[in-house]
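Let's take a friendly walk through this model together. Please keep the sequence and the structure in view as you read.

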Amino acid sequence: MVSEAPPFWWRKPDWRAWGLSPFSFLYGRIAGHRMTHGRRASVPVPVICVGNFTVGGAGKTPTALTIARVAKTRGLTPGFLSRGYGGSLDVTTVVDPHHHHATAVGDEPLLLAREALTVISRRRLEGAERLVREGADLIIMDDGFQSAQLAIDYALVVIDATRGIGNGHLVPGGPVRAPLRTQLRHASALLKVGQGHAADRLVRMAARAGKPFFAASVRVRGQEDLHGRNVLAFAGIADPTKFFRTVESLGASIAVSRTFGDHEHLGEDDIADILDIAARDGLEIVTTSKDYVRLIGHHGRADELLSACRVIEIDMVFDDHRAAALIIDRAIAAARERRLREKQKAK
């Protein structure tokens with residue numbers, strides 16, 4: 001499955017965005033009603049949701065990974081809950097990174113499973129209950145902010161400082177998933193990632209609503225020796241240009257770039273094209289961790305590309321080193337209050 005956001009979503013609103021306004025209005029009414037009135041099921045452990053306002057990536061997965069790492073240093077056993085987008089399995093499954101392939105479970109769950117217990121499920125309550133049975137005492141949802149299926153104790157909404165919310169219109173006229181004011185009411189805090197001003201209006205809206213605000217940046221692990229190298233960079237993520245900027249920030253020169261759809265599995269011709277061009281022009285091949293895991297278990301020349309690729313691994317680093325711990329503590333406190341209310345209501 002491939003998610004391909006129309007480019008006009010990320011530009012100033014044009015005739016397409018305005019022409020689709022009636023459909024966006026209808027979509028917004030349905031999504032907003034679901035968020036406000038959805039019957040959210042409860043589980044006996046704290047639930048942190050790392051989501052965003054829009055379709056597409058904003059840095060949710062590296063943020064979730066950072067929170068999980070901090071949770072483990074505090075003696076907790078975090079478990080990731082993912083829908084498994086891009087994978088074929090439609091049954092609740094504990095992801096085994098040594099056994100499963102991205103075609104079955106999706107690329108993001110494979111990355112998450114390298115760090116902590118990970119379950120994919122189309123039914124979030126069922127997935128959360130499985131995590132609890134497997135021993136998780138803290139659930140971190142990678143996406144699912146708008147789903148309204150599970151009681152969330154802390155919702156951290158991630159915003160890219162460069163792209164923001166694109167043209168500001170709701171699907172299908174833009175990338176916004178539900179009315180912003182509705183989403184803000186359900187958010188616990190905002191996380192602005194990177195430099196830029198595209199998220200400033202949202203930060204001001206959140207401040208007026210009394211929502212905390214955190215800032216973070218992406219940090220590359222190593223790769224200092226890429227400086228001065230000519231590379232072929234390819235990416236099939238929500239915002240490939242962000243990856244290309246990261247590569248260039250390392251001092252590499254991108255001689256050739258290849259862009260694919262978000263979560264797209266490369267075809268034989270794509271793989272051959274990348275390998276042949278890199279060999280012909282003497283280019284080093286660089287890609288993202290998500291693209292790399294999608295190649296594992298692939299057919300044809302995929303193993304050759306895996307061997308030739310250099311993966312640009314990134315970490316999400318909060319400006320305030322205490323932020324992740326604070327988020328975890330507030331989620332635990334909110335879960336305690338939630339369970340107390342549930343007990344009182346049951347009497």
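A residue is called buried when its relative accessible area is under 20%, exposed when it is over 50%, and partly exposed in between, using a 1.4 Å probe and protein chains only. By that rule Phe243 is buried, at 6% relative accessibility.

Some ground rules help before going further. This is a predicted model, in which local features need pLDDT of at least 70 and side-chain atom pairs count only at pLDDT 80 or more, while totals for chains, interfaces and linings use all residues. Residues are numbered from 1 along each chain as its sequence is written, and side-chain values use heavy atoms, with hydrogens and water left out.

**The sheet**

Helices (H or I, at least four residues) and strands (E, at least two) are DSSP runs, numbered from the N terminus. Two strands pair if DSSP finds at least two bridges between them. On this basis nine strands form an open sheet with mixed pairing, in the order β3-β4-β2-β5-β1-β6-β7-β8-β13. The edges are taken by β3 (93-94) and β13 (314-318); each has a single partner strand, so one side of each is left without a neighbour in the sheet.

Helix α13 (residues 323-346) packs on this sheet and touches β1 (47-51), β5 (138-142), β6 (154-160), β8 (213-220) and β13. Contact here means heavy atoms within 4.5 Å. The direction of α13 makes about 145° with that of β6; axes are lines fitted to C-alpha atoms, for helices over the stretch in contact, and angles run from 0 to 180 degrees between N-to-C directions.

Strands of a sheet pair through backbone hydrogen bonds, either parallel or antiparallel. For β2 (residues 78-82) and β4 (residues 117-120) the sense is parallel, over four bridges, and Leu81 stands opposite Val119 in β4. Strand β2 also holds Gly79, which is buried at 1% relative accessibility. Leaving aside neighbours within four places in sequence, Gly79 is in contact with Leu117, Leu131, Ala136, Leu138, Ile139 and Ile140. The C-alpha atoms of Gly79 and Ile140 are separated by 6.1 Å, although the two residues are 61 apart along the chain.

**The annotated loop**

Which residues does UniProt list for "binding site"? The unreviewed entry gives Thr54, Val55, Gly56, Gly57, Ala58, Gly59, Lys60 and Thr61; such annotations may be inferred rather than shown by experiment, and their positions are given in the numbering used here, with feature names shortened. From this set, Thr54, Gly57 and Ala58 belong to the lining of the largest cavity. A cavity is a set of points on a 1 Å grid over the protein atoms alone where a 1.4 Å probe fits but cannot get out, and lining residues have an atom within 4 Å of a point.

Thr54 lies in the loop between β1 and α3 (60-73), and Gly57 has its place in the loop between β1 and α3. Is Thr54 buried or exposed? Thr54 is buried, with a relative accessible area of 5%, whereas Gly57 is partly exposed at 29%. Neighbours within four places in sequence aside, Thr54 is in contact with Trp10, Gly164, Ile165, Pro175, Val176 and Arg177. On the same terms, Gly57 is in contact with Asn52, Arg163, Ala238 and Lys242.

**Aromatic pairs**

Rings of Phe, Tyr and Trp (its six-membered ring) pair if their centres lie within 6.5 Å; planes under 30 degrees apart count as stacked, over 60 as edge-to-face and the rest as tilted. The count comes to two such pairs, set out here.

| Pair | Centre to centre | Angle between planes | Type |
|---|---|---|---|
| Phe234 and Phe260 | 6.5 Å | 80° | edge-to-face |
| Phe243 and Phe244 | 5.9 Å | 55° | tilted |

The pair of Phe234 and Phe260 links distant parts of the chain, 26 residues apart: Phe234 is in strand β9 (residues 230-235), and Phe260 is in the loop between β10 (253-259) and α10 (268-281). Phe234 is buried at 1% relative accessibility, and Phe260 is buried at 10%. In the tilted pair, Phe244 is buried at 12%.

**Backbone details**

A cis peptide bond, with omega about 5°, joins Val171 and Pro172. Pro172 is found in the loop between β6 and α7 (180-186). Ala148, in the loop between β5 and β6, has a positive phi of about 55° although it is not a glycine. Ala148 is buried, with a relative accessible area of 5%. His263 has a positive phi of about 70° and is found in the loop between β10 and α10; His263 is buried at 6%.

How values were computed. On a 1 Å grid over the protein atoms alone, a cavity is a set of points where a 1.4 Å probe fits but cannot get out, and a pocket is an open set with protein on both sides within 12 Å along at least five of seven lines; lining residues have an atom within 4 Å of a point.
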